[in-house]
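Biologist: Could you walk me through reading a structure, one feature at a time?
Modeller: Gladly; let us put it on the screen and begin.

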Amino acid sequence: MIANSYERGRSFLGRLPLEGDLAGSIEGFCRENGITLGMFTALGAVKSARLAYYDQESREYRGFAVDEPMEMVSCMGNISLRDGQPIVHAHLALSDGEGRTISGHLMSGTPIFACEIFIQELLGEPLVRRQDEETGLPLWRRG
Ligand code: ZN
């Protein structure tokens, strides 16, 4: 297992902007506040969504669009560095007007309607994402 021990840094509770891109808004907040590693949970609603499923055979993300307003039942993710920039990895569960759920890996192109978020900064040796040969995914290595 590739893991480090961390101290808790700052904790943030707040609201993301209407129509902001969900992943992009979190990454922007991290850049502005110097957060290079952390975890977050969020809930609220999105105007539409772009999600993906990672096909382990073809080693490609298969993206799909959700073209209607949805409740954001749960969004959980982490923040780490890739190419020196904080990037978000998040999975999102959405529900429609009849309570049906669709979920997947969050992609950019998911505009926020309302979003309340808790971000926990972590302090210590950074985990950095680099391309992993075995999975084809950008996985963590020690910084
Ligand atoms: Zn994912």
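Modeller: We will need one cut-off from the start: a residue is buried under 20% relative accessible area, exposed over 50%, and partly exposed in between. Please also keep in mind that this is a predicted model.

Biologist: Thanks. Is Glu19 buried, exposed or partly exposed?

Modeller: Glu19 has a relative accessible area of 49%, so it is partly exposed. You will find Glu19 in the loop between β1 and α1.

Biologist: And how should I read its backbone angle?

Modeller: The general idea is that most residues other than glycine have a negative phi. Glu19 is not a glycine, and yet its phi is positive, about 75°.

Biologist: Which value does phi take at Asp83?

Modeller: Phi of Asp83 is near 50°, again a positive value in a residue other than glycine. Asp83 sits in the loop between β5 and β6. With 72% relative accessibility, Asp83 counts as exposed.

Biologist: Let us turn to aromatic rings. How many aromatic pairs does the structure hold?

Modeller: There are 2 aromatic pairs in the structure. One of them is formed by Phe12 and Phe29, and it is edge-to-face.

Biologist: What describes such a pair?

Modeller: Two quantities do: the distance of the centres and the angle of the planes. For Phe12 and Phe29 these are 5.0 Å centre to centre and 85° between the planes. Planes over 60 degrees apart count as edge-to-face, which is why this pair gets that label.

Biologist: Where in the chain do the two rings lie?

Modeller: Phe12 belongs to strand β1 (residues 7-16) and Phe29 to helix α1 (residues 22-33). They are 17 residues apart, and the pair links distant parts of the chain. Phe12 counts as buried because its relative accessibility is 18%, whereas Phe29, at 26%, counts as partly exposed.

Biologist: What else can I look at in helix α1?

Modeller: Try Ser25, which lies in helix α1. Its relative accessible area is 16%, so Ser25 is buried. Leaving aside neighbours within four places in sequence, Ser25 is in contact with Leu16, Pro17, Gly20 and Ile112. Gly24 is also in helix α1, and at 29% relative accessibility Gly24 counts as partly exposed. Gly24 and Ser108 are 84 residues apart in sequence, but 6.9 Å apart in space, C-alpha to C-alpha.

Biologist: Now the metal. Which residues are the protein donors of the zinc ion?

Modeller: They are His89 and His91, each through NE2, and His105 through ND1, lying 2.1 Å from the ion. Their spacing in sequence is H-x1-H-x13-H. His91 is in strand β6 (residues 85-95) and His105 in strand β7 (residues 101-106), so that pair ties together parts 14 residues apart in sequence.

Biologist: Are His91 and His105 buried or exposed?

Modeller: His105 counts as buried, at 13% relative accessibility. His91 counts as partly exposed, at 42%.

Biologist: Which residues lie nearest the centre of the largest pocket?

Modeller: Tyr61, Val88, His89, His105 and Leu106 do, out of 23 lining residues. Two of the zinc donors, His89 and His105, are therefore in that central group. The space in the largest pocket comes to about 500 Å³. β6 gives the most to the lining, with 5 residues.

Biologist: How do I read a nonpolar core?

Modeller: Look for the residues that touch the most other members. In the largest core, which has 26 residues, these are Leu22, Ile26, Phe40, Met72, Cys75, Leu92 and Leu94. Elements that each supply at least two residues of this core include β1, α1, β5 (70-82) and β8 (112-123).

Biologist: What does Cys75 touch?

Modeller: Not counting residues up to four places away in sequence, Cys75 touches Leu22, Phe40, Thr41, Ala42, Ala90, His91 and Leu92. His91 in that list is one of the zinc donors.

Biologist: And which contacts does Met76 make?

Modeller: Met76 is found in strand β5. Beyond neighbours within four places in sequence, Met76 is in contact with Phe40, Thr41, His89, Ala90 and His91. Met76 and Glu116 are 40 residues apart in sequence and 12 Å apart in space, C-alpha to C-alpha.

Terms used
Residues numbered from 1 in each chain as written. Predicted model: local features only at pLDDT ≥ 70, side-chain atom pairs only at ≥ 80, totals over all residues. Heavy atoms only, no water. Phe/Tyr/Trp six-rings, centres within 6.5 Å; stacked < 30°, edge-to-face > 60°. Helix = DSSP H or I, 4+ residues; strand = E, 2+ residues; numbered from the N terminus. Buried < 20%, exposed > 50% of the residue type's maximum accessible area, 1.4 Å probe, protein only. Donors = N, O, S within 2.8 Å, 3.2 Å for Na, K, Ca; no water. Core = buried A, V, L, I, M, F, W, Y, C linked by side-chain atoms within 4.5 Å. Contact = heavy atoms within 4.5 Å. 1 Å grid on protein atoms, 1.4 Å probe; cavity = no way out; pocket = protein on both sides within 12 Å on 5 of 7 lines; lining within 4 Å. Points joined across faces, edges and corners; volume = space filled by probe spheres on them.
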